[in-house]
Amino acid sequence: MKRRNFIKKAGITGAVLGTTPSIFAKNISAISNLKKSSLPIAIATWNFHEATLRAGELLDKGTSALDAVEQGVMVEESNLKNTTVGNGGAPDRDGNVTLDACIMAPNGNAGSVVYLKNIEHPVAVARKVMEDTPHVMLAGEGALQFALQNGFKKQNLLTEESEKAWKEWLKEKKYKPIINIENHDTIGMLCIDKDGDIAGACTTSGLAYKMNGRVGDSPIIGSGLYVDNEVGAAAATGMGEAIMKSVGSFLVVELMRNGRSPQEACKEAIERIVKRNDNYNDFQACFIAINKDGEVGGYSIHDGFSYAKYQDSKNENVKCKSYL
């Protein structure tokens, strides 16, 4: 080949190759944009559709993710028909309604209360702990004293219905966790606002007829809830003891940090719980997760778990896959 023709062809090839990266960059950008979901988004464990509706509508108005998760779970804390959260929650074996809750902000700040009595909205107290004290967690009488000092009103949380069910239980005192009881349990909520910031909250009255003083995973940062605004967030529900021993929500977020999708991360976290607990047939454990791009996922040990999702003014219940 003559030198002139070689240079000519080489120049053409170089020109083509020179344009290739920009073409690829455009394609990669397009693929990346397709993966991102429209914001804002609110998801919550179980079919707590009223809670996600409340949070979602606030997000649509420009409310922050932190305000939205707090207001969203407060819907269930006030729901007297929900015997697993807040007012009307099932008591412990001694007849005490004790509440646990935590909340996490996009900046990584966190607040929590455990074994709190006589206050309808423990998640709001947890936020006060986060924002107005140097601490992360307050417990028992200290948490109650703090709540009263900050204007929260003391009230009886044991409804007639819950008291009647407790007294019926006392006749035999059989204690065994019921899988998917009434198709709901702890409410864990995760929100991404229009600015892409992520926050989460988790609140519960715990296992019905638990031992006095028992605290589960819900108020434990990293177990019942974890938020990393650079990566995503996760929340748990089910048998708290199994979730605590796996530091489950933190695990889900770290798996997403290492490239797993929310669905893959939830599945792997459940598989680890199954591997470490020979009695996994006897209890339920579930995770929900959302990543920075707005992708969501959920997974459980047993069939029957679902999560509520609000996005694009649509509020729906999403059934999750399960190990069994």
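**Reading a predicted model, one why at a time**

Q: What does UniProt list for Thr-186 in this predicted model?
A: The UniProt record, an unreviewed entry, lists Thr-186 under "active site". That annotation may be inferred rather than shown by experiment.

Q: Where is Thr-186 found?
A: Look in the loop between helix H6 (160-170) and strand S5 (187-192).

Q: Why is Thr-186 called buried?
A: Buried means under 20% relative accessible area. Thr-186 has 4%, so the word applies.

Q: What makes the link between Thr-186 and Thr-204 a polar contact?
A: The side chains of Thr-186 and Thr-204 are joined at 3.2 Å, and the cut-off is a pair of N or O atoms within 3.5 Å. Leaving aside neighbours within four places in sequence, Thr-186 is also in contact with other residues, including Thr-45, Trp-46, Cys-202 and Ser-218.

Q: Why is His-121 called buried?
A: Its relative accessible area is 15%. The limit is under 20%, so His-121 counts as buried. You can find His-121 in the loop between strand S3 (110-117) and helix H4 (122-132).

Q: Which side chains make polar contacts with the side chain of His-121?
A: One is Glu-77, at 2.9 Å. Another is Ser-78, at 3.2 Å. Both values fit the limit of within 3.5 Å. Beyond neighbours within four places in sequence, the contacts of His-121 are Met-74, Glu-77, Ser-78 and Phe-152.

Q: How do you know that Cys-102 is in no disulfide?
A: A search of the whole structure finds zero disulfides. For Cys-102, the nearest cysteine sulfur belongs to Cys-202 and is 5.3 Å away. A disulfide needs two cysteine sulfur atoms within 2.5 Å, so this pair does not qualify.

Q: Why are Cys-102 and Cys-191 called buried?
A: Cys-102 has a relative accessible area of 0%, and Cys-191 has 0% too. Buried means under 20%, so the word fits each of them.

Q: What makes helix H3 largely enclosed by the rest of the structure?
A: In H3, 10 of the 13 residues are buried, so the helix is largely enclosed. Among them are Ala-65, Leu-66, Val-73 and Met-74. The buried residues of H3 pack against helix H2 (49-60), strand S2 (98-104), H4, S5 and strand S6 (198-204).

Q: How does the reach of H3 (residues 65-77) compare with what is expected?
A: From its first C-alpha to its last, H3 reaches 18 Å, close to the 18 Å expected at 1.5 Å a residue.

Conventions
Residues are numbered from 1 along each chain as its sequence is written. This is a predicted model: local features need pLDDT of at least 70, side-chain atom pairs count only at pLDDT 80 or more; totals for chains, interfaces and linings use all residues. Side-chain values use heavy atoms; hydrogens and water are left out. Helices (H or I, at least four residues) and strands (E, at least two) are DSSP runs, numbered from the N terminus. Buried means under 20% relative accessible area, exposed over 50%, partly exposed in between (1.4 Å probe, protein chains only). A polar contact is a pair of N or O atoms within 3.5 Å; within protein, one must be able to donate a hydrogen and the other to accept it, and residues adjacent in sequence count only if both atoms are side-chain atoms. Contact means heavy atoms within 4.5 Å. The expected span of a helix is 1.5 Å times one less than its number of residues.
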